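Q: I would like to learn how to read salt bridges and a nonpolar core in a structure. Where do we begin?

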Amino acid sequence: QVQLVESGGGLVQAGGSLRLSCAASGRTFSTYIMGWFRQVPGKDGEIVATINRSGVLTYYAGSVKGRFTISRDNAKNTVYLQMNSLNVEDTAVYYCAQRGIFETKFDSWGQGTQVTVSS
C-alpha cells in the first residue's frame, strides 16, 4: 500500500522560507516521478513542481520558478520542496504525489500540509 506523508508546513512571514518533506513507502520510490501540488479552498489545484526518477530533470510552475526547489533523496524515499521568498499568494495546502513513468496522471497522493504566509 502506497503511503505519502508530508511535513514541514506552517506559518511564515512574507519573505521567509519553509522546507516541505514527503516520505514515501509502499513501492520502489526511485522508480516513480514525484510532484508537489497546491490547492487553495475554492480554487483549482495547481502543479508546483515535478522531478524525475533520478532527480536530474525538474519542472516548475512559472509562479514559483526561481524561488522554489524540488529535490529527492532516493536512499531516504523522500522528496523535498524548498520554498524561499514566500509571499501571501503561496498560501495553500501542499500535496506531494507520485506517478509511474508510463502513467499520464499522478495516482497516489499525500494528505497535505498547510502553508500559510502572512503579510
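A: We begin with the charged pairs, keeping in mind that this is a predicted model. The count of salt bridges comes to four.

Q: Why can such side chains pair?
A: Side chains of opposite charge can pair when their charged atoms come close. Here, the closest N and O atoms of Glu-46 and Arg-38 are 2.6 Å apart, and the two residues form a salt bridge.

Q: Is Arg-38 buried or exposed, and what about Glu-46?
A: Arg-38 has 6% relative accessibility and therefore counts as buried, since the cut-off is under 20%. Glu-46 is partly exposed, at a relative accessible area of 32%.

Q: Which salt bridges does Asp-90 form?
A: Asp-90 pairs with Arg-38, with 2.9 Å between the closest N and O atoms. Asp-90 lies in the loop between S8 and S9 while Arg-38 is in strand S4, so this pair ties together parts 52 residues apart in sequence. Asp-90 also forms a salt bridge with Arg-67, where the closest N and O atoms are 2.7 Å apart. Arg-67 sits in the loop between strand S6 (58-60) and S7, so this pair links parts that are 23 residues apart in sequence. Asp-90 is buried at 1% relative accessible area, and Arg-67 is buried at 16%. Through shared partners, salt bridges join Arg-38, Glu-46, Arg-67 and Asp-90 into one network.

Q: Which residues of the largest nonpolar core touch the most other members?
A: They are Trp-36, Val-79, Leu-81, Met-83 and Tyr-94, in a core of 26 residues. Strands giving two or more residues to this core include S4 (33-39), S8 (78-83) and S9 (92-99). The largest share, four residues, comes from S3.

Definitions and conventions. Residues are numbered from 1 along each chain as its sequence is written. This is a predicted model: local features need pLDDT of at least 70, side-chain atom pairs count only at pLDDT 80 or more; totals for chains, interfaces and linings use all residues. Side-chain values use heavy atoms; hydrogens and water are left out. A nonpolar core is a set of buried Ala, Val, Leu, Ile, Met, Phe, Trp, Tyr and Cys residues joined through side-chain atoms within 4.5 Å. Buried means under 20% relative accessible area, exposed over 50%, partly exposed in between (1.4 Å probe, protein chains only). A salt bridge is a side-chain nitrogen of Lys or Arg within 4 Å of a carboxyl oxygen of Asp or Glu.
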